[in-house]
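The following exercises ask the reader to work through a single protein model. Each task is followed by a solution in steps.

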Amino acid sequence: MGWKRYFNTHEFIIGIATVALSVLTGIVNPAFFSSANLFDILRNATIFGILSMGVLIVMISGGIDVSFPAIAALSTYSTVKILIAIHYQGSVLLVYFIAALFGLILGLINAFFISWLKVPTLIVTLATSSMFYGFNLFFVGSLNLYNLPGKMIPFSKLTLFTVHDPEGGSVGLHPCVLIMIVVAVAVWGLLKFTVIGRGIYAMGGNREVAERTGFNLRAIEYFIYSFTGVLAAIAGVTQAVFARHSSPAALMGSELDVIAAVVLGGASITGGRGTVIGALLGVFFITIMKTSLIMMGIPAEWQKVFVGIALVIGTVLPTLRTHRLHHIDLELVETE
């Protein structure tokens, strides 16, 4: 019975779908399994993987956040511009730290409107997304910055290890993959072993019951949105490292991809359900799907169409399964 329950989980289904898609793409285009392409998939999944961890805890709590790309862009671009102005030449760690502080502050702005003013999360984050993006363009800057400060350019060239690619040359795996792993492990530990994690699930399951149980929902909301802001800033700096420049519009428009990945991984739109493993599997599925479309010769314009279809499927299937299980339970009751 335990194995049957596991086979019906989102994690198992999306894992099988990811493997099947990879095999199909590899048959159509064997270059899919080249070292260069596999490392490229890991590289692309790293940024979305970091972002998905913030989106995951927001969705488990019953909220929706669409402001994280704007937070990433504003935090990273502001940090880079400040450090360029002071001719900073030091470690990339300071870049991450300052950007994370910006992300924390912007996340707290979201938390204030959501927690104190009781405005719906989607409305708040839509508004702050526009506000942050507009502020970035009109008050910080609108041009790409290619003279990255400190050791950002040397850091972008680092590799954990290098392998020979049969297609030619050699390719390396960037150490930023470790950031995604550390973030994922931290979020997993947070959700599984801490009071805040239990409160996040309880809030998404039933807010009134969670409050009566004794959880400080206001403190939890402040933590959720400030933590999501920090993760967005970390993803923004990582994207700038990969691209070797900072753009005021970096990651804008990635909301659908990340939310679709988290939903496909089993997180509920209404809250109370979701796992780190599921979210990461969803990220890899979306990343591999977009890569597969390109390698199969399908125009890139169709990417959003397929991501939208995946989001619809990820939303509809749990509802159908819930209705089916409810129908089975009713039949069992009637037979008794």
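**Exercise 1. Locate K118 and L251 and describe their backbone and exposure.**

Solution. K118 is found in the loop between α5 (92–115) and α6. The model is a predicted one. The phi angle of K118 is near 60°, a positive value in a residue other than glycine. The relative accessibility of K118 is 53%, and the threshold for an exposed residue is over 50%, so K118 counts as exposed.

L251 belongs to the loop between α11 and α12. Its phi is near 70°, again a positive value in a residue other than glycine. With a relative accessibility of 14%, L251 falls under the 20% limit and therefore counts as buried.

**Exercise 2. State the helix and strand content of the protein, its buried fraction, its exposed area and the share of its contacts that span 24 or more positions.**

Solution. Begin with the secondary structure: the protein has 14 helices and two strands. Next, take the burial: of the 336 residues, 49% are buried. The exposed surface then amounts to about 16100 Å², and 71% of it is supplied by carbon and sulfur atoms. Finally, consider the contacts with a separation of 6 or more: residues 24 or more positions apart account for 77% of them.

**Exercise 3. Determine how many salt bridges the whole structure holds, and describe each one.**

Solution. The search of the whole structure gives two salt bridges.

Step 1. One of them joins the side chains of E221 and R207, with an N to O distance of 3.0 Å. The pair links distant parts of the chain, 14 residues apart: E221 is in helix α11 (residues 217–243) and R207 is in helix α10 (residues 207–213). E221 has a relative accessibility of 6% and counts as buried, whereas R207, at 29%, is partly exposed.

Step 2. A salt bridge also connects D257 with K290, whose closest N and O atoms are 2.8 Å apart. Because D257 lies in helix α12 (residues 255–264) and K290 in helix α13 (residues 276–295), this pair ties together parts that are 33 residues apart in sequence. D257 counts as buried at 2% relative accessibility. K290 likewise counts as buried, at 19%, since the limit for burial is under 20%.

**Exercise 4. Find how many aromatic pairs a search of the whole structure gives, and classify the pairs F112–F113 and W188–F193 by geometry.**

Solution. The search of the whole structure returns six aromatic pairs.

Step 1. For F112 and F113, the ring centres are 5.6 Å apart and the planes stand at 70°, so the pair is edge-to-face. The accessibility of these residues follows: F112 is partly exposed with a relative accessible area of 39%, and F113 is partly exposed with 30%.

Step 2. For W188 and F193, the centres are 5.3 Å apart and the planes are at 85°, so this pair is also edge-to-face. W188 counts as partly exposed at 42% relative accessibility, while F193, at 55%, is exposed.

Step 3. A further ring takes part in a charge–ring arrangement: the charged end of R218 sits over the ring of W116, 3.7 Å from its centre.

**Exercise 5. Describe the surroundings of T125 and decide whether T125 is buried or exposed.**

Solution. First place the residue: T125 is in helix α6 (residues 121–140). The relative accessible area of T125 is 0%, and T125 is therefore buried. Its side chain reaches the backbone oxygen of L122 at 3.3 Å. Once neighbours within four places in sequence are left aside, T125 is in contact with I64, D65, V66, S67 and N110.

**Exercise 6. Identify what F227 approaches elsewhere in the chain.**

Solution. F227 is located in helix α11. The C-alpha atoms of F227 and G54 are separated by 7.0 Å, although these residues are 173 residues apart along the chain. Setting aside neighbours within four places in sequence, F227 is in contact with I57 and V187. Helix α11 thus recurs across the exercises: E221 of the salt bridge with R207 lies in helix α11, and F227 has its place there.

Conventions
Residues are numbered from 1 along each chain as its sequence is written. This is a predicted model: local features need pLDDT of at least 70, side-chain atom pairs count only at pLDDT 80 or more; totals for chains, interfaces and linings use all residues. Side-chain values use heavy atoms; hydrogens and water are left out. Helices (H or I, at least four residues) and strands (E, at least two) are DSSP runs, numbered from the N terminus. Buried means under 20% relative accessible area, exposed over 50%, partly exposed in between (1.4 Å probe, protein chains only). Contact means heavy atoms within 4.5 Å. Accessible areas come from the Shrake-Rupley method with a 1.4 Å probe; for residues, only the protein chains shown count as cover. A polar contact is a pair of N or O atoms within 3.5 Å; within protein, one must be able to donate a hydrogen and the other to accept it, and residues adjacent in sequence count only if both atoms are side-chain atoms. Rings of Phe, Tyr and Trp (its six-membered ring) pair if their centres lie within 6.5 Å; planes under 30 degrees apart count as stacked, over 60 as edge-to-face and the rest as tilted. A charge sits over a ring if NZ of Lys or CZ of Arg is within 6 Å of the ring centre and within 35 degrees of the ring normal. A salt bridge is a side-chain nitrogen of Lys or Arg within 4 Å of a carboxyl oxygen of Asp or Glu.
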